Every structure is written in C-alpha cells, then in structure tokens.
Amino acid sequence: MTRAATENARGVVVGRRPARVRLLWFGIAVAVVALLAFASVVIGSRDVSIADVVAAIGGSVDNTSEAAVAKRLPRTVLALVVGLALGLAGAVMQGVTRNPLADPGILGVNMGASLAIVVGIAWFGLSTATGYLWVATVGAGVAAVFVYAIGSLGRGGATPLKLALAGAATSAALASFVTAISLPRGDISGTVRSWLIGGVGGAGWTSIGQMAPFLAVGVLVSLLSARRLNSLALGDELATGLGERVAVTRAVAALGAVLLCGAATAIAGPIAFVGLVVPHACRLLVGVDHRWLLPFSGVVGAGLVVASDVLGRIVARPGEVDVGIITAILGAPVFIAIVRRRKVSSL
Amino acid sequence: MTATAPSLDAVIASVSRSKAVRARRRVVVISILAVLIMAVAAISLMIGNTVYSVTDVARVVLGQDVDGASFTVGRLRLPRMVLAIVVGLSFGIAGVTFQTMLRNPLASPDIIGISAGASAAAAFAIVVLGLSGTAVSVFAITAGLLVTLVIYVLSHQAGSAGTRLILIGIGIAAMLEAATQYVLSQAGQWELQAVLRWLTGSLNGASWEQTLPALIALLVLGPVLLSRRHDLDAMRLGEDAASALGVRIERTRLVVVIAAVGLIAFATAATGPIAFVAFLAGPIAARIVGPHGSLLVPAALVGALLVLSGDVVGQNVLNLRYPVGIVTGVLGAPYLVYLIIRTNRSGESL
Amino acid sequence: MTTAHALTATDLTVGYGDTTIISDLDLDLVAGAITVIVGPNACGKSTLLRSMSRLLPPRSGQVVLDGRSIHGMPAKELARTLGLLPQSPIAPEGITVADLVGRGRHPHQGMFTRWSRADDVAVAEALIATDTADLADRAVDELSGGQRQRVWIAMALAQDTDILLLDEPTTFLDVSHQVEVLDLLTDLNRRRGTTIVIVLHDLNLAVRYADHLVAMRDGEVYASGSPETILTPELIESVFGISAAVITDPTSGKPLMLPIGRHHMVDRGGPDAADGPAGHPASD
C-alpha cells in the first residue's frame, strides 16, 4: 500500500511538465504576440515603414504613414487588452464551473451586457464610455449568475450540456428583448447595432484608459485565485476537505472573470469563442495548473484577438471584417471539435 | 410475490378505464384548441385598421363581393391568416418532433442552428447577391437543409448522438449568427428592412404565392411525421430501449429529420423564423394534454394558435405594429427561462 | 409454452470507434435456461449483450437467431422474439406505469393498427407477474428504485419475447430489491420457459441464480458451464485477479465465493504476518 502510494506520487511528479518547458512556451507565446502586435501596426490599407512606426511611437504625426500608425496603435493595444481579458476570463470561468464549454459567448454573458446597454441607451440616455462599462459589467454579471444558477439545477450539477443549453436559451431570450427594444427606435437602432457587431476599430486612448481600472482589478483577482481554482478542480467536496471555502472562492474568481469580460465587451462589443478556445489550447501546452494556465491564457488570448483583427483587415481589403466575426468563425469549429472529442456521458 | 394477485380481467378493466379517461381528455383538448384557432382566425379577419362585421367577413370568405371588405379581408387578411396557420402548424409539429427525438425540450430548431442557417443564407442572398423574392426562399430552404446535414454528419459517431447533436448545433448557430452580423454590417438601409424580416419573422405582405409552397410542404411532410409517431414515442424511452422494441433508430431519425427540417425550411422561407414557436409549442402541448401519447397533433395546433394570436396582438394591441416574431419572442422568453429551470430540476425529458 | 429459439454468436468482433471490445467470440445460449454473464469491469459484458440484441453492429462475425442473422431481420420481427432491457432506460416525465408497460407492445403493432385485446391482456399479465398492477395509474418518476425496476421488467414482459436480455438489472438497488428482481426473473423463466440472459456484477448472486454461467475476460469467453462445475478458485483468480475460497452455500447448495485479501486471516502465513505488525507496514 505504502509502496504503491510512493510510486503514484513519483508518477505524478514525473508526469508534470517541467517548469523549463512551460517557461519556454511562455517565452514563445510572448514573442509571437509581440510579432502580431507589430504586424497589426504595420498592416492596413496603407503599408508603412518601420521608421514611420518608430517615429509614430515617439509621438510624431508628420506624414500620413505616421498618422496611420498613430491610429493603429491604440487599436492594437485595445485588441491586446481585450484579448488578454477574454482569454483570462475564459480560463477562470472554465475553472470556476469545472466546465469545458464555459465561455462568455456560450454562457449568454455577452447578451446580458448587450441587453443592459440597449436598455441603458433606450431609457436612461446612456452615452458615456464609463457608463457603458458599468452597465455592461452589471449586465454581464447578472447574466452569468443567472445562467450558471439555472444550468446547475437538478441532477449532476452544471454539466456542459445543461450550461450550454441554459446559455443558448438565455441568449435567445435576451436577444428577442434587444430586438424588441431597438427595432421601433430608429434613432438608437444604429448605435445598438454597431455596438452589437463590436470590434476594436474605433479605439482611442481615452476608452482604453477608462477600461484600465476594471481590467487591473479583474486581472489581479483572477490571478490571485489561481491556487484556489486548482483545489476547486478536484470537485467541491474534495476541495472542502482540503480546507477551501468553495462558495467564497467561486464567487471571488467569478467576480474577476465578470469584470474582465464585462469591461472587454463594453468597449469592443460581444466577442465570442476567445474565452472558450484559448484555455483549451493552453492546457495542451502548459497543463492544468491554473498558476500557469491563467497568465498563459491571457497572453494567448491577446495574440488571438490581435491576429483576428489583422486577419479581418486583410481578408476584406480595403474594408474590414470585425474581430468578433472572425473569432466566431475561427472559434466555432474548435468548439465543435471539443464536443466531438468528449464522451457522450461527460456532456 | 404477494399472496393475492388481482385477477386478469380486473387489471384489464382498470387499465382500460384510465386509458379511456386520457383519450377523452385528449379529444377534449384537441377540440378546444381547434375552436380557439377558428375563433382567433375569425377575429384576425375582422379587426385591423377597419373593423368588419362577422357577416361581412363570412360573405367575403364565401366568395361574395362586399364593398371594401373584399379587398382588405379577401386579399390582405385572409392570406395572412391562412399563412399564419400553415407556418404555425409546421413550426409546431417540426419543433416537437426534434424535442421528442432528442429527448430535450431545448433541442428545437431555433436553438440548434437550423433557423440560424436559413436566416444567414437569406441575409447573404439579399445583401451580397442582391436577390429577392422566391430566390431568397430557395436559398434559405437549401441552407436550412444543408446546415442540418452538417450538424448531423458532425455529430454522427458510434453510440448516442443526441446531446452531441444539440451542442454542435449551438456551436454552428453561433458561427452563423456571426456571419449574419457581418452581412448586416454591410447592408444598406433598404436591404436592412428586407433582412430584418428574415431575422425576426413577420407575416407582413403575406400573399397566396407565399402561402402555397408552405402549404404543400405541410400536406406532404406532415403525414410523413404522423406515420412515424409511434416510433418517435418509443424513442422517448432512450435509444437502446427503442431499438430493443424494434425501432430502426438510424432510419427513423433520418426520415424524421428530413421531414421536420423540410417543414421548418419552407415555413421559414415564407415568414422568416418566428421566434420560439417551434420551441414552445411542444412543451405547452405536453402541459395541457399530459405526458401520454403522441404530442405531434396537439403541438401543431398550439403552434398555429401561437402564430395567429401573436400576429393579432402585434398588429392591433400596441400603438406600434410589431412583427409577429417580436411578439412571440418577448412573450416566449420568460416561458423559455421557466422551462429551462423546470427541465433541469427534473432531468431531461419533455 | 414457448418454442425454443437458438441464439448464437459466432466469431463475433465488436468495438466502438478505434477500440475493439470483443474479438472472435463464440457463444451458444442455452434455450430455456437462465444464463448469467460475469466478469470484471470493462471486459465486454454489456457490449456482448448489446451486440446480441442488434444495438451494435459487429465488425465481423455474426449473431444468429434460428439460422438467420439478426442484423438482416426486420427490426420488429426480431423484437417479437428477442427483448432487451438496457442498463439505463429513460422514463418520459409523468408517464404512468400502465402506459410505460404498454410501450412494450410496440413491436406487435403496425403503423395504423389500433390497440387490441391481445395488447390489453399482455399488459395486464405483465403487471400481475411483476406485482405492479396496483401501481398501474401511478407516475413512474414517483416510484422507488425497486418498483421502477419491476415496471421496466414488466415492459419487457409485455413485449412477450421468448428470449429476454437484461443489462445489469440490479444496479443501484439495495440487496433486498436485487433478490426480488432476480426471483421475479426466475419465476418468469420457470413459468413461461423464457430464455433469460443477465449481465450481473455480484458474482455470488450470479452463481445462485444462474443455470448457466459465462465468465468473460478481455472481450473473450473465459469459461462457461454450470456454476457448480466452473466456479473454482482458479477461475476467480484468473478472471477477477483476486484469490478466493469457494465453499458451498448452505442455503442454495450452490458454490459461494469468499474473496481473500491481505488482512484479517485467522491462521498465520498471510501478508499481515509477513510484513510485520498490522498497521505498520515494514516498507515505505
């Protein structure tokens, strides 16, 4: 018995990915994201030289190329920040719900934010970016709690199937309210629709600045929950046995995730599937330890959104396809692959 | 075993008695639904901008000429009413078929991506290809069938495919909605009106030319579904048990899916996806008929009633005219949420 | 009362996806007897049952009923001779006992034929045989686990087949209900002559109720025959990987398996003695 236990323990140690490998992956990921960010500044309807980029970063807007860069810089930063927020939020949500399909888009959180903003615009004269942030975050939070609550009713708790259905159904329900409110109001339906489509195109430093405090708190809360999420991964009962206050851990971590995706959604509109796909890819590379998984998901998420933004500018030249559409079209096949790979019993 | 086993005849008598009670309830419910549909249909012919009397309406329906009413009732309201009933029946029967087959009330075509496929294709056809009229419908029908095929193939693996089919449908729906959003962002103001009809579902501008294909689809495919109702009923016991009872699962599923999707696609081509009708008709029917026997007919009737009354409400009750899809969407949403709560509490059957 | 049917599997190979569960298996069912299939987890017991009832198509080989391959037979015709109660059938919400049992009549009805007197009789007989007649109007979801299992068996009885396969019908039942279910199946076998095949987890119950025992390991039939002749310590060792003593059950006269672990030995010589004081193993 004791001998077996030692062997098991040794097996676990051996099976763990060495820190070196993880660091390597982390380094590669950061480098790739930096490259993508650079590409995002350079690529566009007007190609610019590296000298222009350097000059523009220095604050110069002397020629059109530099001016183009000056416009692309906040856009790139916004894409990075939104991607970081969504990737991280997805990893936290999957940890909190122990559910591989948890994602702000699937769980109806985006639609919650949308409805809140539509109601705000239609009846409360909502127009400032800060107002959007608060309203979207509250809407996202309410929707998240609601979907999780109804998805976890009954036998078996929050199974992937029940959560996904609860999310899809709630989204459908919220969407019909959004349409009902915005359709007859010709004046606001344009605003609402452009927000619903989302994107990082209209980014400015001001909106990024307003989003920053939300993000900072969200990132901090999420990263600090990493160790607790590791205990939670063993199941509520075992986690409790290990001395974890399950409900508190869950609430705190979920708050972090909601802040992150609420803020990201408020500024960039609903962007689906980043939060779903990124943690899955990351788990393959750095394993299931949340202390690695969370930061890694943030970095990869940033890379994915920047890459999608660049792709959206390339495929529809001289126009552009919004980043939320690109991520959905890239992300849905991954979602389907995940569903196909899992055993039916665990759905 | 207990000492005194009841006699065979006594058991037969008692079982038949409860059976007869249930059969009577079924007949009563179906008759009430039919009467309600006729009543709402009559109301829908009578009221509107100008209100006509019962006798005027009756004379128009019988083919006589009535001043003013002949055009308004005969040309505008009558096709609208018939179309409402036809698509309502189609959505209702197809929706409950999916729900029964996948043993999940949330597995209706509007949630698992079939309607989303038709909408996306229609939007694409209008905005990008610049099509209109019948061509758009053909596009939508083809897309609906194609999306179903893709979902079906992707979810088809050894063993039970029900839950997987639902989840893959949700994923596909998300992707298609993104595509629709993109098409919308490219649309001009004029095209937008045409596209929005395909997103919300509306009976505006209903004509006999629109009604006829949907009606033919209903007359052909409806009986196909009805002939499979016993197999569908057996499938509610789980695929293993149904197979043990002699149901050819794969074949039944294929026939039923094709027929149901055909109905959905033709109905959607006529009016756009009317939110939640396919989804709500089955559970509401189950509520009023009870869990026994096939739900196909009651659900079809409930579907017709929903569309018909949703349209009457949208046209007349508010000071603004709402398309029927908005009305059913807003009224259906709370029920949808209630239904998820109830379903999750009690396992996963209708 | 029933005619004897011959159900045999020859060279049967079955699997899911890329994995092969059963390879080249041969099995002759003894007509009119109760056959119990036992074996460790994942040895292919349920897979065998599923492929013998057409739920799973074989990769190669075939299952033959009275000289005809079951995969070529019309589904309803097969379902009138061969019934299966799967491991976790689903009761539609709110369905009553009588209605659920009536579902067993599905293979006896055509597309448009109505419910007949014969259907009524079959349902009533099934209700009486399983002692569920007084539950007939109750909803299945409000019954206890034991009652529910009896109702499912009643449904299988109403199907009125000469061969009945059951996949772990006693799982999730407490011991009294396990015995009740197995007694009921034995009644059925003795009264109607139905050929019964059961997959069971509990080896001792299997031995007690089996006329014919099939021990499976790694997708193959390791041994089959009457429990008295095949249940030996050697068989248990090689099929289940545990050393066991076999004694005669004073109640049934059948063999009884007593597993031997590493602790709690009356005499010296067990691992306890060899390893040093109990609770303080010498090795770390």
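With 24 C-beta neighbours inside 10 Å, Asp160(C) counts as buried (20 or more other C-beta atoms within 10 Å of its own, against 12 or fewer for exposed and partly exposed in between, with C-beta atoms placed from the backbone). The model is predicted, and local features therein require pLDDT of at least 70, side-chain atom pairs count only at pLDDT 80 or more, and totals for chains, interfaces and linings use all residues. Residues are numbered from 1 along each chain as its sequence is written, while chains are lettered from A and ligands numbered from 1 in the order in which they are written.

The phi angle of Asp160(C) is near 60°, a positive value in a residue other than glycine. Asp160(C) is placed in the loop between helix H5 (145-158) and strand E7 (163-167) of chain C, where helices (H or I, at least four residues) and strands (E, at least two) are DSSP runs numbered from the N terminus. Asp218(C), likewise not a glycine, has a positive phi of about 50° and belongs to the loop between E9 and E10 of chain C. Asp218(C) counts as partly exposed because 14 C-beta neighbours lie inside 10 Å.

In chain C, an open sheet of 6 strands with mixed pairing follows the order E6-E7-E8-E3-E9-E10; two strands pair if DSSP finds at least two bridges between them. Strands E6 (82-85) and E10 (220-225) of chain C stand at the edges with a single partner strand each, so one side of each is left without a neighbour in the sheet. The twist from one strand to the next averages 15°. Within this sheet, strand E3 (residues 34-38) and strand E9 (residues 212-217) of chain C pair in the parallel sense over 4 bridges, with Thr35(C) opposite His212(C) of E9(C). Helix H6 (residues 175-192) of chain C lies across E3 and strand E8 (195-199) and runs at about 160° to E8(C); axes are lines fitted to C-alpha atoms, for helices over the stretch in contact, and angles run from 0 to 180 degrees between N-to-C directions.

Strands E11 (residues 244-248) and E12 (residues 255-259) of chain C run antiparallel and are joined by 5 bridges. Ala244(C) stands opposite Pro259(C) in E12(C). The hairpin of E11(C) and E12(C) has 6 residues between the strands, among them Gly253(C), which takes a positive phi near 75°.

Chain C contributes 38 residues and chain B 34 residues to their contact, two residues being in contact if their C-beta atoms, placed from the backbone, lie within 7 Å. On the side of chain C that touches chain B, H4(C) gives the most, with 7 residues. By class, this side has 21 nonpolar, 8 polar and 9 charged residues; Ala, Val, Leu, Ile, Met, Phe, Trp, Tyr, Cys and Pro count as nonpolar, Asp, Glu, Lys and Arg as charged, and the others, Gly among them, as polar.

Chain A comprises 15 helices and 0 strands, and 52% of its 347 residues count as buried. In chain A, 39 residues are in contact with 35 residues of chain B. H7(A) gives the most to the side of chain A that touches chain B, with 14 residues. That side divides into 27 nonpolar, 7 polar and 5 charged residues.

In chain B, helix H11 (residues 249-271) is mostly covered, with 17 of its 23 residues buried. Just after H11(B), Gly272(B) takes a positive phi of about 80°.
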